[in-house]
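Let's walk through this one together with a few questions and answers. Have a look first, then read on.

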Amino acid sequence: IGAANNLLAAMLDNHIQQGNVLGIDPRRITWKRAVDMNDRQLRNIVDGLGARTDGTPRQDGFDITVASEVMAVLCLASSITDLKERLARIVVGYTYDNKPVTAGDLKAQGAMAALLKDALKPNLVQTLEHTPAFIHGGPFANIAHGCNSVTATRMALKLGDYAITEAGFGADLGVEKFLDIKCRMAGLKPNAVVIVATVRALKHNGGVAKADLAKENLEALEKGMPNLLQHVDNITNIYHLPCVVAINRFPSDTEAELKLIEDKCHELGVNVALSEV
């Protein structure tokens, strides 16, 4: 992902260096380089300094690799051909007369796809409980769609009786993007949704300090419950999908706290399951 991202950045700067036939405005380049490290010092930089042959000086920057648009494109691509077409549509900047410039204009999509041909294949791994799983792709949900690859999900559906996939950043962001973007583009139709919650997180939402989360506090838990219940309501009443709440149990959780969550969910017609792994 990082190599393909930075290849496009290099081809963009080289185009400007070699005469800039497309008339790209260096002040309106939107494409950044990528580094697989959260280094805030590199978010905004000036590069291209030095001799005339060292490039055109301009303001630039680095994104963390998983925030690259290439990651989102890879995860939505259904084939190598589809990948090339999606890469070609990436907008990298604008010309002096305000026209968008794409990776396709730079003829970069073929070389980028060549770097990504193996990355397009899902990785089969095994969990600690010996369950097969695909680990493939991870675009951020706050700037992309927050889901693993379409290819991995389709492969899981082909190879198993059922498949469970994660949509990150909660049911108010990740799952909405999963249902509104990934499922629509891939033709997927989920049969059910599992919302994962913890007593500790709900108490924290209710105002309990982190240091006090191990203490039973039914009042704070009830104050934090609307957060979970709104997620449940979104799934059942907006998307009209069956829903179950899974509680990741911690040793400090009390029976009274667990029962309160179960009772509140039952009021909405939703079952609760304990995860005690």
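**Two domains and a helix pair**

Q: How many salt bridges are counted between domain 1 and domain 2?
A: A salt bridge here is a side-chain nitrogen of Lys or Arg within 4 Å of a carboxyl oxygen of Asp or Glu. This is a predicted model, where local features need pLDDT of at least 70, side-chain atom pairs count only at pLDDT 80 or more, and totals for chains, interfaces and linings use all residues. Residues are numbered from 1 along each chain as its sequence is written, and side-chain values use heavy atoms, leaving out hydrogens and water. Between domain 1 and domain 2, the count is zero.

Q: Which residues make up domain 1 and domain 2?
A: The bounds come from an automatic or database domain assignment. That splits the protein chain into domain 1 (1-116) and domain 2 (123-275).

Q: What area do domain 1 and domain 2 bury between them?
A: Buried area is the accessible area (1.4 Å probe) that two parts lose on being put together, summed over both. Of the area here, 72% is on carbon and sulfur atoms. The total for domain 1 and domain 2 is about 960 Å².

Q: Which three residues supply 50% of the area that domain 1 buries against domain 2?
A: No other three residues supply more of domain 1's share. They are Val66, Cys75 and Leu76.

Q: At what angle do helix H8 and helix H9 pack?
A: Helices are DSSP runs (H or I, at least four residues), numbered from the N terminus. Axes are lines fitted to C-alpha atoms over the stretch in contact, and angles run from 0 to 180 degrees between N-to-C directions. The axes of H8 (residues 218-238) and H9 (residues 255-267) are 10 Å apart, and the angle is about 35°.

Methods
Helices (H or I, at least four residues) and strands (E, at least two) are DSSP runs, numbered from the N terminus.
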